[in-house]
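Subject: Structure for you to look at

Hi,

Here is the structure I said I would pass on. Have a look at it first, and then read my notes underneath.

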Amino acid sequence: MLSDTAGYWTPVALSADLPPATVIPAWTPAGSIALWRTQSGRVSASSDRCPHRGMRLSHGFVRGEALSCIYHGWSYSPAGGCIRIPAHPDLVPPETIRVAGHKVQESRGVIWVAVGEPLASQPSLDDLLPLRSLTVEAGIPALEAAAGAKIGMDGLISIADCPWVRLLPTEQAGRTLVHVMIEKDRSLSDRLTASRIAEAVRRQAEARQKEVE
Ligand code: FES
């Protein structure tokens, strides 16, 4: 799935966890980001550092179509340009004041952020729906061992005892963010079962990780 040189898409959050007019911290292998959605629904992935004095933008707030810094209220458009400096309300901010951003795509309930220049599109999750996300205090090898399967070229790990549940992992400095995916058209009972199974895999992976540390 990944290479050291080519860019790629990383699944940073589920759509359900980013309602309109909210910002959340998220992580990519290239660094932390402020992931935010405008009131009208547009998703942006901005650097998590305000160009003014470096406050984390993921601590800020979204009003309308802009992300504002919590410190002095400088506001940024989804394209990254500064559009308002409250201490100087009559000033048109110079175009040089910008927040770096990443390409972002939302597909089938998952938000993907580009790391570098991806050579391929994100994997198709056609038959799957997102169920929930969980953080596992273990790396992908321990997760694979707990699930009983290796990660595939599509970035998904099947759970050997329950193949209609798949794990979509992203490693994050010693831990792994896992989006739990389930085949669509499954019943509510199946969804509850899938959630329990994912928790069990998480516990097993964390126990295995402790064994090797
Ligand atoms: S640090 Fe962000 S507005 Fe001042």
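One term up front: by a polar contact I mean a pair of N or O atoms within 3.5 Å, where, within protein, one atom must be able to donate a hydrogen and the other to accept it. Residues adjacent in sequence count only if both atoms are side-chain atoms. With that in hand, two residue pairs are in polar contact between domain 1 and domain 2, both at pLDDT 80 or more. As the pLDDT hints, this is a predicted model, so please read everything below in that light.

**The two domains**

The chain splits into domain 1 (8-115) and domain 2 (128-212). Eleven residues from domain 1 and twelve residues from domain 2 take part in the contact. Taken over C-alpha atoms, the domain centres are 29 Å apart.

What holds for the area buried between domain 1 and domain 2? The figure is about 840 Å², and carbon and sulfur atoms give 67% of that. On the domain 1 side, P11, L14 and W27 supply 57% of the area buried against domain 2, more than any other three residues. As for charge pairing, I get zero salt bridges between domain 1 and domain 2.

If you want to see which elements of domain 1 touch domain 2, look at strand 1 (8-14) and strand 11, which each give two or more residues to that side. Strand 1 has the largest share, with five residues.

**Q122**

Q122 sits in the loop between strand 11 (110-115) and strand 12 (128-136). Is Q122 buried or exposed? Its relative accessibility is 12%, and because the cut-off for buried is under 20%, Q122 counts as buried.

Leaving aside residues up to four places away in sequence, Q122 touches W9, Q105, S107 and W112. With one of these, Q105, there is a polar contact from side chain to side chain, at 2.9 Å.

**A four-stranded sheet**

There is also an open sheet of four strands in the order 2-3-4-9, with antiparallel pairing. Strand 2 (22-28) and strand 9 (101-102) are the edge strands, each pairing on one side only. Inside the sheet, strand 3 (residues 31-37) and strand 4 (residues 43-47) run antiparallel and are joined by five bridges. To get your bearings there, find L35 and look across to A45 in strand 4, which stands opposite.

That's what I have so far. Shout if anything is unclear.

Cheers

Key: Residues are numbered from 1 along each chain as its sequence is written. This is a predicted model: local features need pLDDT of at least 70, side-chain atom pairs count only at pLDDT 80 or more; totals for chains, interfaces and linings use all residues. Side-chain values use heavy atoms; hydrogens and water are left out. Buried means under 20% relative accessible area, exposed over 50%, partly exposed in between (1.4 Å probe, protein chains only). Contact means heavy atoms within 4.5 Å. Two strands pair if DSSP finds at least two bridges between them. Domain bounds come from an automatic or database domain assignment. Buried area is the accessible area (1.4 Å probe) that two parts lose on being put together, summed over both. A salt bridge is a side-chain nitrogen of Lys or Arg within 4 Å of a carboxyl oxygen of Asp or Glu.
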